[in-house]
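Let's take a walk through one sheet and a residue that lies outside its strands in sequence. Have the structure open as you read.

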Amino acid sequence: MQHVNIQQNFTHVVEADEFLSLSSEQLVRLIPSDELTVLSEEKVFECMVCWVKHDSDSRKCILAQLLDHVRLLLTSESGTLKSVEAYRPNTGVWTTIADMHLPRKNLGVVEFERLLYAVSGRDGLSILDPVELYNPIINTWTMLGASMNVPRCYGEAVAIDRPSNI
């Protein structure tokens, strides 16, 4: 299939078997495209998950790379995220984890030292500054005492591993 045809007819193309046979390189070029005709980014995410599940043994190893190209900040514009699902690469299964304390959308998320941080976002009414920490060992979210200096949404989050003496 031609790349332009896929972009313009994405919602129809993803229903065809040909979509599941795209290479990872083709999918990585397709999903971040600004020319992609799709009602919501959630559809892109759902299709990417479907593509991975179609051959999870060989595709689960590139899931993180694919997630980098899905604009998750543009999903669930009408709702907020409190309930969370986590992908377990070792099993190839999505599982529901504990709910966050604050429902959020348009948040930043980062993993550092096997813990997940949910940063800022919106609760539907206001822009948030709190940070929550998810510990997968005990399946719990904890509100951190340190909030962001400035409330924000549509943010990105990064973890910087620096020596403890700095």
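## A pair to begin with

Val110 sits across from Tyr117 of β4. Keep in mind as you look that this is a predicted model. The strands behind this pair are β3 and β4 (residues 115-122), which run antiparallel and are joined by five bridges.

## The sheet as a whole

Zooming out, the open sheet has four strands, ordered β3-β4-β5-β6, with antiparallel pairing. β3 (108-112) and β6 are the edge strands; each has a single partner, so one side of each lacks a neighbour in the sheet. On average, neighbouring strands here are turned by 25° against each other, with direction ignored.

## The β5-β6 hairpin

At the other end of the strand order, β5 (residues 127-135) pairs with β6 in the antiparallel sense, this time over four bridges. One bridge to look for links Tyr134 to its partner Trp141 in β6.

How many residues lie between the strands of the β5 and β6 hairpin? There are four, and in this hairpin Asn139 adopts a positive phi near 50°.

## Back to β3 by way of Ala157

Now follow the chain past β6 (140-143): Ala157 belongs to the segment after that strand. Which residues does Ala157 contact, once neighbours within four places in sequence are left aside? They are Gly108, Val109, Val110 and Val119, and Val110 is the residue we met opposite Tyr117.

Leu107 gives another view of this region: Ala157 and Leu107 are 50 residues apart in sequence, while their C-alpha atoms are 8.7 Å apart in space.

Technical notes: Residues numbered from 1 in each chain as written. Predicted model: local features only at pLDDT ≥ 70, side-chain atom pairs only at ≥ 80, totals over all residues. Heavy atoms only, no water. Helix = DSSP H or I, 4+ residues; strand = E, 2+ residues; numbered from the N terminus. Contact = heavy atoms within 4.5 Å. Pairing = 2+ DSSP bridges. Axes fitted to C-alpha atoms, helices over the stretch in contact; angles between N-to-C directions.
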